[in-house]
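Here is a short report for a first look. Please read it alongside the sequence and the structure.

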Amino acid sequence: MPKHSRRLLRGIGLVCALALGATACGGSDDGGSSQKSVSEADIQAALEEGGTLTVWAWEPTLKQVAADFEKKHPGVKVDLVNAGTNADQYTALQNAISAKKGVPDIAQIEYYAMGQYALTEQLTDLKGFGAEKLSAKFSPGPWNGVKAGGDGVYALPMDSGPMALFYNKKVFDKYDIKVPTTWAEYLDAARDLHEADPKAYITADTGDAGFATSMLWQAGSRPYTVDGTKVRIDFSDQGAKRFTDTWQKLIDEKLLAPVTSWTDDWYKGLGDGTIATLATGAWMPANLASGVKDAAGDWRVAPLPQWTAGGGASAENGGSALALPELGKNEALAYAFVEYANAGEGVQTRLDNGAFPATTADLQSTKFQDTAFPYFGGQKANKIFAESAANVADDWSYLPYQVYANSIFNDTVGKAYVSDTTLTEGLKSWQEASVKYGAEQGFTVEK
Amino acid sequence: MTSPVVTVSERSATAPSGTPGSVPRLRTSRRRHSTDKPRRSVLLTVLTSLVLLYSLVPLIWLAISATKTQEGLSRSFGLWFDGDFALWDNISQTFTYDDGVFARWLLNTLLYVGLGAGGATFLAVLGGYALAKFDFPGRRAVFAVVIGAVAVPGTALAVPTFLMFSNMGLTNTPWAVVIPSLISPFGLYLMWVFATEAVPTELMEAARIDGAGEVRTFFQVALPLLAPGIVTVLLFTMVATWNNYFLPLVMLKDPDWYPLTLGLNSWNAQAATAGGEAVFNLVVTGSLITILPLIAAFLLLQRYWQSGLAAGSVKE
């Protein structure tokens, strides 16, 4: 889900900086509360009246959901627009909000980016639509994500990414290496593998903000504390040390493939066995099946390695929700669509097309758990994913400006992968840069 | 002050009346180095070969890769063919994938290039001709503005332009890409310089004396003389509009209005999203199809634009 193109990110930084300068980015100047009250009857009335909804989303399964929704409610037209992927879309959305023109009725926003929009009241609080009573439907990680550390409900979770370890069984079998259950074993497996085949690596990592924050999350680190506009950033806790100690060894001993995620090289490595594992979100199977067709049957899924033997901690990686931008129109109708897609009939449609749900009922259903993945040699991988989803701690929070923070990850922590800088030093400079930016944006930042 | 004058007069005095043998000798010696027996330099040959290789290898890679399937791309060596020859299949998939949106992007690009580059060239010709051939107050100021505008990269103006166009309600329409493309300071400057050299003022005066109005003088006398310059400017603006990425990226949100650059990038980006399908084979094939029209334009127009670039370099 995270994507890396530094050229692009710099461009985005520029756009946001200029957009910030032009309209002070954060400020919603309507002055009023974003809490609106819309009843079930209002929503029904809106559905009967019909209209056009503009949805900015890149999630591929929404296409079918939109078609089904239009069929069910003949007066409604859903205009599904792919306005860019991840950060590209956030830039577009931020620009549209700054210009107060062309803002979509519904926007896909990843959990890590939710805070940026929620805190500045650019999203409609869905509590007034009765969204709070849906809380029991969703697993804790994603639900925590749409609350963005506040009281409101700023979106409905669309998918989630409870983490698991994807590994190339063929490679592990070939060199007779045991599938690691702890990160200490993972380090040993990395050494054994690279020794057995100098071209093979346990995984590829050149510095990825989404991955690093997920790993910190699992390790029990809570670097970000957010309370309104008060923010604390601290990478010096015990959990962070756990992660950096292990990962530093992998870097120092050159056990990580110097390949950037999501590039064609990366897909190639996943296919030919030179990248042997991936610790990532449960949405990965669809990507493996379409991007690495040749390796079908080679891969399997295992629970995410633990920091303490026998532990059961997990974390989220990626995942997104559908939100209603404050400046969007037709809110009742928009909410009806979001509810349909993320908590209603749309969920099954999306599951059938390979999406990974955020709804507990679906995660626990036998139909879901018994799905055999031909790609994973018939393994019932959803059982592992569902268990991981249940084990995600719900007290993690991202920064209200995580999109920016992630964009400078490679300039700070990324140095640890290419120079003598250590991960700990890298995290420290990431912390300093994030603190500085936060203060400039008007947050009260503690270190 | 005096000595240079003396040497000049001495030279000009000797040249016409110089010894008869001196001029042919000069000619033969020049020939020996230039055409009959070009001086060979191993170093230069190696360097230019390296440059040639450097510029051709990506093109060869692209052409070869377009014949591979998605799986073939990752399992085979980049500069040689894979077992499956999938070029035709890739081309048809490129045009049918995602409800045939690629054809739409191609038409969009043609529209932007037609209106944008065509319009930019037209405006540059008018402006360049006027600045070169008409004397009016403020010409020097215009010169300063044009030179300054050449120095500002279009990318830096994209965001302010976005905010402006957004207020006018023009974003997310083709106009948001076409209108900014109409301005080509470099093209204007090139036309200006070219028109100064290529259109003799005497010819214009002759046309006026014969009773032609300014419009007729421009279209019937000046325009044919400007043709090489026009082709040069057209090529420059065409390439700029065809390859434009950042401006449409900022302006357009609706994939139905994307040009090829944005469209291909969105196909490429979908490999990096949850549940998105990796279609590198289509991205590669689409890129090959995208550059073909530009290559064709360069090959077809090359003799015009070469003479255009060299205009004024030799005193006739």
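This is a predicted model. Two topics follow: a strand and its partners, then aromatic rings.

**Strand 8 of chain A**

Strand 8 of chain A spans residues 230–233. Its covered face holds A:Val231 and A:Ile233. A:Lys230 and A:Arg232 make up the uncovered face.

The strand pairs with strand 7 and with strand 13 of chain A, as the table shows.

| Partner of strand 8 | Residues | Bridges | Direction |
|---|---|---|---|
| Strand 7 of chain A | 224–227 | four | antiparallel |
| Strand 13 of chain A | 444–446 | three | parallel |

Both covered residues have a named bridge partner. A:Ile233 is the partner of A:Tyr224. A:Val231 is matched with A:Val445 in strand 13.

Strands 7 and 8 of chain A form a hairpin. Two residues lie between them. In the turn, A:Gly228 has a positive phi of about 65°.

**Aromatic rings**

A:Tyr224 also belongs to an aromatic cluster. Other members include A:Trp58, A:Trp217, A:Phe235 and A:Trp430.

Over all chains, the count comes to 48 aromatic pairs. In chain B, the ring centres of B:Phe218 and B:Phe219 are 5.0 Å apart. Their planes meet at 75°, so the pair is edge-to-face; the cut-off for that class is over 60 degrees.

Are these two rings buried or exposed? B:Phe218 counts as buried because its relative accessibility is 6%, and buried means under 20%. B:Phe219 is partly exposed, at 44% relative accessible area.

A charge also meets a ring in chain B. B:Arg104 lies over the face of B:Trp257, 4.7 Å from the ring centre.

Conventions. Residues are numbered from 1 along each chain as its sequence is written. Chains are lettered from A and ligands numbered from 1 in the order in which they are written. This is a predicted model: local features need pLDDT of at least 70, side-chain atom pairs count only at pLDDT 80 or more; totals for chains, interfaces and linings use all residues. Side-chain values use heavy atoms; hydrogens and water are left out. Buried means under 20% relative accessible area, exposed over 50%, partly exposed in between (1.4 Å probe, protein chains only). Two strands pair if DSSP finds at least two bridges between them. Rings of Phe, Tyr and Trp (its six-membered ring) pair if their centres lie within 6.5 Å; planes under 30 degrees apart count as stacked, over 60 as edge-to-face and the rest as tilted. A charge sits over a ring if NZ of Lys or CZ of Arg is within 6 Å of the ring centre and within 35 degrees of the ring normal.
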